[in-house]
Amino acid sequence: MLGSTLLVALAAAAGAIASPLELLTRTSPGTGTNNGFFYSFWTDGQGSVTYNNGAAGSYDVTWSNVGNFVAGKGWKPGSARVITYNGTWNGANVNSYLSIYGWTKSPLIEYYVVESYGSYNPSSGATKRGTIQSDGGTYDIYQTQRVNQPSIEGTSTFYQFWSVRQQKRVGGTVTIQNHFDAWTNAGLKLGSHDYQIVATEGYQSSGSAKIEVMAS
């Protein structure tokens with residue numbers, strides 16, 4: 001989906017050493033660590049996006065007339081941790097969504113646990129594989145395939161796994177193990193974890209978000 005384009009710029013950014021100021025405020029794409037958390041920020045260069053790393057696991061992002069961007073804070077590697085997050089997300093009426101987002105290798109999988117989305121359901125067109133009850137809500141499980149698309153291993157063909165929450169929310173606890181187990185039970189097998197972030201994404205839209213990420 002839209003997030004798979006995230007990796008286009010990351011390889012080029014990985015070799016660059018960011019200045020202390022860039023680690024706090026970025027208008028160009030990059031990845032790194034800040035206050036003990038991994039962060040990732042990508043934009044296709046259309047419109048304007050400003051990403052700021054805040055204290056501990058917090059970040060904020062503002063976007064205007066973008067093509068596509070993805071930004072967030074989390075961990076590398078990802079794991080079956082319990083994630084708590086809160087904040088504000090001004091994307092409910094535009095094409096944007098808030099999710100736990102990550103990748104695995106062997107097999108190469110891009111995954112989303114979507115907590116809230118705006119005018120477009122990012123799982124549209126995907127194959128429904130079931131539902132899961134977790135953390136006070138119901139999530140629909142989907143699978144789709146991306147063919148010859150950017151990934152953490154370069155241009156590849158890979159599957160996407162989705163859990164999309166029916167009761168949209170911005171803030172709460174996400175027990176990632178429950179989603180991993182539900183995907184496995186549906187025949188959707190993850191590999192070895194790469195990174196995992198609480199991501200804000202926008203597509204052809206304008207908006208803002210301020211999110212704080214925590215883990216137990």
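Accessible areas here come from the Shrake-Rupley method with a 1.4 Å probe. On that basis, the protein chain exposes about 8,700 Å². Carbon and sulfur atoms supply 49% of this surface. The model is predicted. The chain has 216 residues, of which 53% count as buried. Its secondary structure consists of three helices and 15 strands. Contacts between residues at least 6 apart in sequence were also examined. Of these, 67% join residues at least 24 apart.

Strand S9 spans residues 109–117. Nine of its nine residues are buried, so S9 is largely enclosed by the rest of the structure. Two pairings of S9 are described here, one with S8 and one with S12. S8 covers residues 96–105 and runs antiparallel to S9. Eight bridges hold this pairing. Within it, Val114 of S9 stands opposite Ser99. The pairing with S12, residues 156–165, is parallel and has six bridges. Two bridge partners can be named on this side. Val113 is matched with Ser163 of S12, and Tyr112 is matched with Trp162 of S12. In a regular strand, side chains alternate between the two faces of the sheet.

Ser116 also belongs to S9. Its relative accessible area is 5%; the cut-off for burial is under 20%, so Ser116 is buried. Which residues touch Ser116, once its neighbours within four places in sequence are left aside? The contacts are Trp89, Tyr97, Leu98, Lys168, Arg169 and Val170. Of the strands with stated limits, S7 (82–90) takes in Trp89, while S8 (96–105) takes in Tyr97 and Leu98.

S12 is mostly covered as well, with eight of its ten residues buried. Besides its parallel pairing with S9, S12 pairs with S11, residues 137–149. The S11–S12 pairing is antiparallel and extends over nine bridges. Gln145 stands opposite Tyr159 of S12 in this arrangement. S11 and S12 form a hairpin, with six residues between the two strands. Gly154 lies in that turn and has a positive phi of about 85°.

S8 and S9 form a hairpin too, with three residues between them. Two features of this connection stand out from general backbone preferences. Most residues other than glycine have a negative phi, and most peptide bonds are trans. Ser106, in the loop between S8 and S9, has a positive phi near 50° although it is not a glycine. The peptide bond from Ser106 to Pro107 is cis, with omega about 10°. Pro107 is found in the loop between S8 and S9. Is Ser106 buried or exposed? Its relative accessible area is 66%; the cut-off for exposure is over 50%, so Ser106 is exposed. The adjoining S9, by contrast, has nine of nine residues buried.

A second cis peptide bond joins Lys76 and Pro77, with omega near 10°. Pro77 is located in the loop between strand S6 (68–75) and strand S7 (82–90). The loop on the other side of S6 contains Asn65, which follows strand S5 (58–64). Asn65 is not a glycine, yet its phi is positive, near 50°. At a relative accessible area of 59%, Asn65 is exposed.

Helix H3 comprises residues 176–185. Its buried residues are Ile176, His179, Phe180, Ala182 and Trp183. They lie on the same side of H3, because they cover an arc of only 165° around the axis. An α-helix has 3.6 residues a turn, so residues three or four places apart point the same way. Just after H3, Gly187 adopts a positive phi of about 85°.

Note on methods
Residues are numbered from 1 along each chain as its sequence is written. This is a predicted model: local features need pLDDT of at least 70, side-chain atom pairs count only at pLDDT 80 or more; totals for chains, interfaces and linings use all residues. Side-chain values use heavy atoms; hydrogens and water are left out. Helices (H or I, at least four residues) and strands (E, at least two) are DSSP runs, numbered from the N terminus. Buried means under 20% relative accessible area, exposed over 50%, partly exposed in between (1.4 Å probe, protein chains only). Contact means heavy atoms within 4.5 Å. The arc is that of the directions from the helix axis to the C-beta atoms. Two strands pair if DSSP finds at least two bridges between them.
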